[in-house]
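Reader: Please take a close look at one part of this model. I would like a connected account of how that part is put together.

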Amino acid sequence: MTLRQERSSVSRRLAYVVISVVFANYLGNAFSYVLQAGPTPPRVAGSLACLLTIGYLQLRVFSRPGADLRSGKAYLALGAMAVLAFAPVVFFSEAWAGMPGFVAGSALLVLPNRVRWLAFGAVAISNTAIQSLSVDVVPQLVYYLLSPMVAGLVVYGLSRLPSLVKQLETARSELAGVAVSEERLRFARDVHDLLGFSLSAITLKVELARKLIGAHTDRALVELAEILGIAREALTDVRAVASSYRELSLADEIESARSVLTAAGVATVIAADHAELSPRSRTVLATVLREGVTNLLRHSHATRCSIEIRGADRLVSIDIVNDGAPAQADVDRGSGLASLSARTSAIGGSLLTQTTPDRTYRLHAEVPVDPVTEEPAHVARPAGPMIATRFAQILLTAVVIGYGLMAMTFAWYGYGKFGPLGITVVAAGIAGTAALALGLVSRPLVELDLPRRLAVIAGIALCVYVPQLVYGDPFSSVPGFLAGSVALLLPRVAGWVGFFAVAIGQGVIFDALGFDSVDVAWGIMATINHGLVLYALTRLRSMVAELHEAREELATAAVTQERLRFARDLHDLLGYSLSAITLKSELTHRLVTIDPDRARQELGEVLEISRQALADVRSVALSYRELSFDEETQSARALLSAADIEVTVRIDQCDQLPKDVKITLATVLREGVTNLLRHSKAEHCEILLSSSPSLVTMDIINDGIPTAGRKSRDGSGIGNLTTRVRALGGDLHAGLTPEHTYRLRAEIPLN
């Protein structure tokens, strides 16, 4: 087990222990009040049966990670919990006033978002209304209003955060997979852009050199020298791609383009007049030039080509114009241009192609002279973990303030004893305790050395004990926050010793002030509960943040492994071929004047090797470009779950679908899920795929329509998807449905 896995395991066990202790204290507190009211056998047996059932439902149904809280079983359990929390009030009266908190928390866990907060408030109001039948003191009624609300938030938080942690742990590998996919696409671009051109140029020059041997030996030697140079550069490119670094020289690419086009018999005019470029812009322009020339050689029969690079202070443009455009203007010119478009857009530029009626083809690109700093791809963060972190902070703040307000109701109830000054002192002590707990103790980004930690603990102790000791009322503060702060701020052993010392000390204070054993027990249990809640919510929130950071570490590690695998593939597939080309070209260079026939034979072998190497490049690049529909489905499920979105996936058998259809569907799925996470606040999402002999349909439906209204096209991503789907004869629709949901539908014919 790795250190991080061990920490996660310890954190999960800690969460389960804290949940069990806190819930047991809530139940034990209610049982103590039942005993105080009159411990008859029927009352004891009945209360124990109800309390144990409540505890079982909470721990085994609502708080268990991975439990289906939208199932009929969960709704049935919620109904049973409501009966157990409210019906026994007839028999136990005020002793049962704390139990509705379990219903409030469980309602937040089980019910849909639109009604759960209404149910939460209804439980608190109902508890107050029921207790008002026997209690008419306003501070007590306020306490009975606050108690189920705070207890409900505690139940909800302690039950929810372990589940979120588990979801994050599951999502880490999926998110790493997404990073790997991005790295694969980058590799594919680099392989295509860097090696495709070099191998195409070698093939072209070998064919030319074979024709020149014998008749034009000097010219053949020049071509062979250039073949050697290109082969050696290609070997360097292989290493550059594998090590994830490559900066192209624009000047070198201009000269290479001139040489290759001239060798191919294309009359070439090149003009370059531009400002000094940043390395990124220079590399992108060089890549555009390389890809443009490669496409010209592969896909056209041009006789003339002009290349013009010009620019001013802010923008530089490149135009590659030739007279060999295909007869059909919409012919797909390969994935290289899509890669170039992505590269230019990434630095704030643009790329377009144009074919005129006279069969002139123009490739035009513009890039900024000095683009903005590029953000690493792996820092992108989906919504799920950030939601969890904010949720934990809001929850902790609400619970701390809630406990403080409950303590204030005790002081309000004893106003006659405290008076205006005493109430002010109590309020200041509670506010100071809450401020220190929220501002310093529970803030993961606040680093405190030991003296400052001790000073914070001393400050909280003053806020806790001064009102108690001055006014002789142990209910007038929240000593549990002191216990939790001690456990959080001191080393582990000392912290937990101090935690229980504060709890026992609170029992001593109750006893010294003349309270009975039930109140002494209540003081100890309340201190332990409040302290554990502060400790648990703080620790669990920190753990969520740590897991959030760990995703990036794992993604980086996964990308590193992918890079190593890719380097191995390059070495295995291309290293031998390029080395053979280099050696045979050197041999041919020596044989041209000595043995022309042998030189032609060697060049024939070089030609075969270069063609095979070019096929290998396309094979490697294709394997890194193709998306897997199954992998995208699994990734979508994990990402949506990590974002706390309930997802339903129903996929018909799709193994027999054509490869291009599956790749397009995988792309639609990825873009649809990306748009959902970026632009909506969905709670539910359905991914449906149905297939018939003539048509395949995929729907991505969610209920997270933004308040600003959703257009039928979510930016350029949907437009690109529409182009992809229509290229297969299909159609894509995005918009609102009559059921007030948002649906992205792709329909592709299978004829």
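Author: Accessible areas are calculated by the Shrake-Rupley method with a 1.4 Å probe, and for residues only the protein chains shown count as cover. On that basis the chain has an accessible surface of about 34200 Å², 59% of which belongs to carbon and sulfur atoms. The model is predicted: local features need pLDDT of at least 70, side-chain atom pairs count only at pLDDT 80 or more, and totals for chains, interfaces and linings use all residues. Residues are numbered from 1 along each chain as its sequence is written, and side-chain values use heavy atoms, leaving out hydrogens and water.

Of the chain's 751 residues, 51% are buried (under 20% relative accessible area, 1.4 Å probe, protein chains only). The chain contains 21 helices and ten strands (DSSP runs numbered from the N terminus: H or I of at least four residues, E of at least two).

The part chosen here is the sheet. Five strands make up this open sheet, with mixed pairing and the order 1-2-3-5-4 (a pair needs at least two DSSP bridges). Strand 1 (267-273) and strand 4 (350-355) are the edges, each pairing on one side only. From one strand to the next, the twist averages 10° (axes are lines fitted to C-alpha atoms, for helices over the stretch in contact; angles run from 0 to 180 degrees between N-to-C directions).

Within the sheet, strand 3 (residues 315-322) is antiparallel to strand 5 (residues 361-368), with eight bridges between them. Val-321 stands opposite Arg-362 of strand 5. Helix 10 (residues 279-299) lies across strand 2 (304-311), strand 3, strand 4 and strand 5, at about 5° to strand 3 (contact means heavy atoms within 4.5 Å).

Methods: Buried means under 20% relative accessible area, exposed over 50%, partly exposed in between (1.4 Å probe, protein chains only).
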